[in-house]
Amino acid sequence: MAYLEPEDPSPASEHQAPDLLTPRLIEKIQEYPEYPETFTVTATVYYPERGQTDGNPLITADGSRINPKNPKKHRWIALSRDMLSRWGGDIQYGDTVWVRGISDELDGQYIVRDTMNRRFTNRIDILVGRRDKIYGKWDNVQIAKAEFPEVEHHFQPSDFGFAMNR
């Protein structure tokens, strides 16, 4: 007796192709010699306001302009100086980093655009708006520099096996 698969009622043209790793991305992953360094940091949030920034709260340290109506949509962060290459760290302005350990809403990919006050070390500050009603301080947050930021994909870093382990 043969088992039959149920027939799919939708025509073949309506099927969406699954997200596939491109040959270029597979080649990059295979050439990558080791996992990127993961840092454990404390995370907080900040608003683009004078009390939490310098005299020009809508301009980041790298010169990027913040959208005052929806700052969170940028997915930008500030790093403490000890983490930035300008002061001897490993990460530069414009680098893409993965953040994990805060919440489903705040975990994910961010671009480094700003610097925190010199009194902070081993810390990140996530740009949000006051209307977002996001407050808090989180310890033991993991960040890792994304190695292929120019490649558009919708995978988590652990899907490739070159970032943080879940």
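Modeller: A salt bridge is a side-chain nitrogen of Lys or Arg within 4 Å of a carboxyl oxygen of Asp or Glu, and in this predicted model a search of the whole structure finds 4 salt bridges.

Biologist: Why is the contact between E49 and R130 called a salt bridge?

Modeller: The closest N and O atoms of E49 and R130 are 2.7 Å apart, and the cut-off is within 4 Å, so the pair qualifies.

Biologist: What makes this pair a tie between parts of the chain?

Modeller: E49 lies in the loop between β1 (38-46) and β2 (76-79), while R130 lies in the loop between β5 (123-127) and β6 (137-145), so the salt bridge ties together parts that are 81 residues apart in sequence.

Biologist: Why is E105 paired with K72 in a salt bridge?

Modeller: Their side chains meet with 2.5 Å from N to O, and because the definition asks for within 4 Å, the pair counts as a salt bridge. E105 sits in the loop between β3 (96-100) and β4 (108-115) and K72 in the loop between β1 and β2, 33 residues apart.

Biologist: How do you know whether D95 and K145, which form a salt bridge with their closest N and O atoms 3.4 Å apart, are buried or partly exposed?

Modeller: D95 has a relative accessible area of 15%, and buried means under 20%, so D95 is buried. K145 has a relative accessible area of 27%, which falls between 20% and 50%, and therefore K145 is called partly exposed.

How values were computed
Residues numbered from 1 in each chain as written. Predicted model: local features only at pLDDT ≥ 70, side-chain atom pairs only at ≥ 80, totals over all residues. Heavy atoms only, no water. Helix = DSSP H or I, 4+ residues; strand = E, 2+ residues; numbered from the N terminus. Buried < 20%, exposed > 50% of the residue type's maximum accessible area, 1.4 Å probe, protein only.
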